[in-house]
Structure formats: C-alpha cells, structure tokens
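User: I've got this model open and want to work through its side chains and helices. Can you take my questions one at a time?

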Amino acid sequence: MPTDPYTPRTRPSTRKKNLTLSAKEYSKITGTIASVRRSRDPRDDIHEGSDISARYLREDQYKSQNEPSFIAETSFVRAPLNSRVSSVNIGHKFKGKEKQNESLDRVPLEIQEALILEDLLYVLMGIQGTYTTFHPDYSPEDDDPLQGIRFVVASSLDTSLRDLVERILPLGTYYTAISSFVELRSHLDFGLVNHALCAAIREMLKDYQTLLSQLEHAFNTSPDFSLQKLWFYVHPTIHTLSLIYQLVLELATADDSPNESDDSAISSDAEDEAKNEALGFDGAKLKAVLSEINKGDVDVTGGSGIAVKGGEVIAIIYERMQNMSGDPTANALYGTLLNSAGRPYVAMLRVWITTGRLDDPYEELLVKESKFIDRNILAVDYTDEYWERRYTLRDGSTLGSSKRQQAGVPLSRAVSGRLPGGACVPPLLEAWKHKILLAGKYLNVIRECGIEITHGQDRTLGDLSMDDEKLYKFLEDAYSHANRTLLQLLLRDQQLIPRLRSLKRYFFLSQSSFLTHFLDLSASELRKPSKMVSTAKLQNLLDLALNTDASGEDMMFREDVKVTLTDSGLYDFLLKVVSVSGVLGGEDGENEGGHGHEEHKKEKEKENKKDMSGNDALALDYAVKFPLSLVISRKTILRYQLLFRFLLHLKYVEQSLASMWIEQKTTPWRKLLPEHPDFERWRLRVCLLRSRMLSFVQQILAFTTFEVLEPNWRALEVKLEKVTTVDQLLRDHVDFLDTCLKECMLTSSKLLKAYSRLIITCSTFALYAAPFSKSANQAIAAFETPEGDVGMTKRLDILSKFETNFNHWFQVHLDCVQFYASSENVSLLPLVVRLNSVKAAS
C-alpha cells in the first residue's frame, strides 16, 4: 500500500480537447454522471446514444422516484458507495443476469471509462456494479467466503479498457476474502494469536479503505481522474492484498483433510438410489441436505479436530516470510503480521517463564499443563508423573514415544505435516522450547513451596516481538534465574546433599553398625513368614538401633527411615521387570502381557509369598517432603530399595554362613576319628563347601561396596558440586543409581538368573547348619554301637547335591560375568578376578 495516500486536488482545466465538445455540453454531461451516481438503481436500464444530456437525466430522476433508495437520507448524498447498500442483496439475488442485455458498444470510450470507473469503486469494496458483476457461477450460499468473490466485467466493454479493468478486479476478490477471514477468525475459539492477527489485518484494511475514500473523492471532484490513474494508485495495493490473501488462504486450508472424490465418499447401488428416490431424496438432493446440515454448525476445528491457532499460525506466517524473503514488500508485510500475531504469544511466554503460571485459555502455547496431576501424587507415584507430566511440551518431545499418545499429543496435519494448534512450536522458538518449559517448571516448584517470586527485570523490557534479539536474551536470563533459584532452594534450604548422604548410610549400609544391631534384635521376628511379621514391632526395633548408633548428620534424618515389607522376592521382582521392559524402572510395562500370563504370575507370587520369610521381604523406606520429593522421588527410592535388599541378602547369607562356621567349631566337628575315614572326609567336604560359599558371598559384597557403590558415590559428589541446572541434578542422581544397578548385575536377566540360583543355594545350605551338626553327633554316637553308622550314604547324597548345584551355577555365573565384562560392562572385570580366586581355592 502507498505510504502517502493520494488526495488529488480539483483542476480547472477542461476535457474539451479530448471530447471535442463545447464547454456547455461538457458541463451537462458531467452533471448527468454526478446525478446518476446519486440516484440510479442497479436494475435501471441505461439508454445509450449520441444525445445523452437532458433526456438521460430526466429519465433516471423519474426512475429514482419510483425505486427504493437512500436518496432521501441527507447523510448519503455525498457517498455514492453507500447509496448502493440496498442494492447489494439484489445483486446477490440476480447475480447480474438482468444486465446481460445492456451493451456499451454504442457508448463513447470516454463515457465507458467514466461508467466503469464508478463500477470499480464498488467492486473494490466487494459490491457488484452495473457493468462489473459477480461471476455467473458465484453463489453466496454454496461458495466458501474465505475464497473471495470473483467479479467479471461486461463483454461489451472496449478491449482497450477491459485489460486494465481485469487487472484491477482481483482487488475485490482479495478484499472480500480477507474481510471474511477477519470476521470468522475473530471468533473466541480461535484464540488470542488469531485475534491479534485479525486486528493487524484490520488496520491494514483501514488504510485500504482510506485509499478508496480518497479515490472516490478524486473521482467526484477531479475531471482528470482516469482509469489509468486509478490503476497507478491501486497497483501497489494489489500486490499487498495478494500477499495477505495468499496467507489467508493457507491459514484457511491448513486444517483441511486431503480432498476425496465425491464418488468414493458416497457410494450407493441401484437399490439405495431407489430408496432415496422413494423418500424424496435423489443423489443431488441428498448431498444438498447433507451440505446444509454441515453448514449449520460453525466448524472451528476443521478436519483434524484442532483449529489453526497459536504456534501454528505463527509458524505459517514465518514460513511464508522465509519463502518470500527475496520480496522486500512481502518480507516487510509478513514481518509486521508476525510481530503483531506474536505479541499475545510472547505475553503468555513472559508470564510462564517469570512466574511459573500458565495462562493459556485457548491452548495456544507450546507448554501444556495436566491439572489432574498435583504434588500430592509424589507420595505414591512410582513413575514420577508430577515432574515428567505435570507440565510438558505439546509436541511430546519431552516424553518417550510410548507415552506420546497416552499424553494426548495430536497427530500431524495430513497436508502440511505440521502439528496442529499449540502443539506446533514456532520455528523461532524451536531451539528454546526445552528451556522455556524448564524455566516455568522450576518457578512453579518454587511458587508451590510458598516462596514469593520476584521478576523485576520483566518490567524494564517493554514490548518484545518474535524477531527481537531481546526476547531470546530474556529467555536465557529467565532460564538461568529459575535454575539458580531452585538449585539454591534444594541444595541450601532443603539440605539435599546431607539427605543423599543419609540415604547412602541407610540404604547402602555405609558404616552400618545399626544394621547388625537391628538384625540381632529382630532375628526371631524375621524368621517368621512375611504374613506374620509385625511391621510396628520391626519399626520400634529399628528406631532403637538407630537411636543407639546415630551420630552427626544422621541424627537429623533418622525419623524419616521406615520399615516396610514387600510383596515379592527381590530376584523374582527384578526378573519380572527386566523380562517385560528390558530395563529397570519400566514398571508401566508390566500390564502389557496377556491376561492368562499375568494370572499365572499372580498365582506364583501368592505361593512364593506364603513361603517367603521376613528376611526376604524386609526393606527400608524413606519419607521426604516437597520439593525434595522431586529429586528423591518414589522412582529413585525404588532403586535405593533394590540395592538395599541386594546388600541385605548378602549380609544375611554372610552372617548365616559365619554362624555355621561357629557351629562347626564345636566337638562333633573337631573330634578326630581316624578309624572312620568316610566321616572325616564328609566333615571336610562340608567345611570346604561352606568356606567356598562364604568366600563367594564376601567377594560379591566387597566388589559391590568397594568397587561399585563407593566410586560411583564419589563421582556423584563431584558432579553435584559442579551442577548448574536442576534437570542435570535429577539426571545425575538417576544415572548414579542406574549405574550402580547395572554394575551390581541387577539389570541383566542372564546374570540375575545365575546369581539368584547361586545365592539361594548358599542361603539354603546355611539353613542346614543345625541338621549337619545333629547328623555328626548321631554318626559319632553310632560309631560306638555294634551296628555302626548306617546314615552315611544319605549324608553324602545330600552333600553331593549341594556341591553339584553350587559348582554348576557358580560356573554359569562366572561365564556370564566374563562374557558381559568383555562385551558391554567393563566394570565387571575386577569381579572376574575375585571369582577366579574363589574357584582356585577349591
């Protein structure tokens, strides 16, 4: 559009030279045209001829008195465009057919130009004129208003004028389409970005309307105003409106599904057609009725179910600006629309990253809130849904592929491939989307802790636009501020590091004198079946042990350690998780199996639970409050519990085998009986097997504590000293636990199977300490009787079973450890050396 609107001044010169008329005749003609503009109805016939002066004026004045018009309204006297408001509906009804017989053949070229100039002023406002009418195929009931109204000029117009008129006619199409778009997309459901875009387009249309009013004034007052001048002044506007029109068309058709042929959409056989005819619906009528039904509803969402709004609108404008970057006019126009449409989007972003509040009533922003997930879910949530799913990106990039559909991530547009609505991240913000999400999430945590958030830096910036460098500096500063604030809250105010150290002491049995004390106090209770164990009694005994041994930092957090009894054995649970999900922490995948398989597993778990002792079911729990529960969540506590149960079982088996060694210090095991070499050999084999088992358990325990847990803990402490973001803190903590689980051989099904069989063999053998001592006493007593010892065969048979079982699973376990140490887990190499020493000792 021209920046300086043209307002021509009245010129005294006449057109006598061009028309070859006298001054008197020329004044009569111009007066006639002015009168026609004020009073003529579109249906009036125009009588052409060489004599068009006084008679022409009288006939038109007579008709104007018998036809309804706005001539009586004084406010419309000097507004020829408004004088046709009542004629618009008539034009829609007849679509120019009554004027098809009118001819401009006998009208002089100058008069044709004057008449067509008046028509064009109507057409530029979307109103059909006398010689420039709607296209014969146009129907306001059937045609899409967003496509615009097409106009055609009378065929009798002189060819020298026709070419210029046809260049100007698209302006009417552009204007009607853009006006319809502004009216439709101003609906509330299209969101704030569409509203801002429509407001910007409306301002541009105001400039266009100002230009039309100036052209109308020139037409009324300047004798020199011609069709060529009209083209000169509207030519830049045609390009501008065509750019807006192309954008409007893309926005209007972005949510359309791929076109399908009517034949494939509605198929019917002869019988169906006969039924339709009997009911009064033939094919055409049925389609018309369906069209009316569909047209009765305001379709806001389009074919994909989500309207073109929010980030998608900004993305479309930006893509058009990039594609037409070589056109300065297009670049400037789309840049203006991008900034205008992006203002409400940037305003929502600023609220989110400075306060942690998501104010997005029309779901336009790239961040999505799941309001049904609140912080109270952290107390029982093993999937950590609060942090992962409370606030997410609408495009699903923060979720795994398996959770995207579950989280409601919409499907891409069929035509463009873009995600619809707010799920479409504006290209300018694609690289910043994760920082935008995290900045708001961090501040949201701080706000939920009751801490007031100050954001004075936000007030000094003023308005920010999508292509402003200040916006991205502001995003970076807000992200850094939120990070620092939440890290300070966790590390200093909430004492995260001392908390993690207490977890290490209680769950990783670091300096665990309390555990030995607790196991001694609760030995009788833990021997019972898990169903009969009193959790309250165990909790009291644990409190007693902790109060006796606690010192330093551990004194502050010992009340948070709780006793719990699990429903399944450690190795059964780990095998089930690993076999279903392939990794630890995939508890969500447990429901993916068949129902029959699940029922079989449940029955097996019930049977195991009946036989499971308190020692096997014992576990510790740890209670933390928000916001520490984000770091020490149920997901991480589960990992701590698995490592604790693994170490506890090793400690328990070690203690049992050590008690067996003490048992074998008694007389039946130490008394020399050289006259009974079979009995001496049996006792030696029992002691040797017990020694190998104890050595195996101690080597596993030493490897786990000294070469897995302690080095990884030291590495975690170093990382925590250098941590800069909260997400890095969460990731480092979970990585630490996952590394410990992997290096402890708890994430491989093959290693788990071999190790579980081996450790169960050791624990079962430890239970035979008393029966072996009893059998030795019986053998010694039998040697003094005449019959002698008759139970040696049975004793050797039982011992051989233990030896065979231990040797087999020990070799299988050693082979597996060697394989994984050489292929994917180098940290198992020290364990290979340790296990070889056990094998060499045999």
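User: Is R394 buried, partly exposed or exposed?

Analyst: Keep in mind that this is a predicted model. The relative accessible area of R394 is 13%. Buried means under 20%, so with its 13% R394 comes out as buried.

User: Which residue forms a salt bridge with R394?

Analyst: R394 sits in the loop between β4 (391-393) and α16, and its partner is in the loop between α14 (328-355) and β3 (367-369), 34 residues apart. That partner has 12% relative accessibility, so it counts as buried. The closest N and O atoms of the pair are 3.3 Å apart, and the partner is D360.

User: How many salt bridges does a search of the whole structure find?

Analyst: The one between R394 and D360 belongs to this kind of contact. Searching the whole structure gives a total of 25.

User: What about R418 and E319: how many residues apart are they?

Analyst: Their side chains meet in a salt bridge, 2.8 Å from N to O. R418 is in the loop between α16 (401-404) and α17 (433-448), while E319 is in helix α13 (residues 311-323). So the pair links distant parts of the chain, and the separation is 99 residues.

User: Which of those two, R418 or E319, counts as buried?

Analyst: E319 has a relative accessible area of 29%, so it is partly exposed. The other residue has 13% relative accessibility, and that makes the buried one R418.

User: Which helix holds R834, the salt-bridge partner of E707?

Analyst: The closest N and O atoms of E707 and R834 are 2.8 Å apart. E707 lies in helix α30 (residues 677-722), and its partner is 127 residues away in sequence, so the salt bridge ties together two separate parts of the chain. The helix with R834 is α35 (residues 829-841).

User: Are E707 and R834 buried or partly exposed?

Analyst: The relative accessible area is 27% for E707 and 21% for R834. The buried class stops under 20%, so E707 and R834 are each partly exposed.

User: Which residues do salt bridges with shared partners join into one network?

Analyst: These salt bridges have partners in common, and that is how the residues end up in one network. Its members are R501, K504, E710, R714 and E717.

User: How do α30 and α33 run, roughly parallel or roughly antiparallel?

Analyst: α30 packs with helix α33 (residues 769-783), their axes 12 Å apart and at an angle of about 170 degrees. Angles over 145 count as roughly antiparallel, so α30 and α33 are roughly antiparallel.

User: How many residues in the contact of α30 with α33 are nonpolar?

Analyst: On the α30 side the contact uses F679, W682 and V686. From α33 come F772, S775, A776, A779, I780 and F783. There is 1 polar residue and no charged one, and the nonpolar count is 8.

User: How far apart are the end C-alpha atoms of α5?

Analyst: Helix α5 (residues 109-123) has 15 residues, and 13 of them are buried. At 1.5 Å a residue, α5 should span 21 Å. The model agrees with that, because the end C-alpha atoms are 20 Å apart.

User: Last one: which residues does V734 touch, leaving out those up to four places away in sequence?

Analyst: V734 lies in helix α31 (residues 726-743) and counts as partly exposed at 26% relative accessibility. R639 is 95 residues from V734 in sequence, yet their C-alpha atoms are 8.8 Å apart. The residues V734 touches are T636 and R639.

Conventions. Residues numbered from 1 in each chain as written. Predicted model: local features only at pLDDT ≥ 70, side-chain atom pairs only at ≥ 80, totals over all residues. Heavy atoms only, no water. Salt bridge = Lys/Arg side-chain N within 4 Å of Asp/Glu carboxyl O. Helix = DSSP H or I, 4+ residues; strand = E, 2+ residues; numbered from the N terminus. Buried < 20%, exposed > 50% of the residue type's maximum accessible area, 1.4 Å probe, protein only. Axes fitted to C-alpha atoms, helices over the stretch in contact; angles between N-to-C directions. Parallel < 35°, antiparallel > 145°, perpendicular 65-115°, else oblique. Contact = heavy atoms within 4.5 Å. Nonpolar A, V, L, I, M, F, W, Y, C, P; charged D, E, K, R; others polar. Expected span 1.5 Å × (residues − 1).
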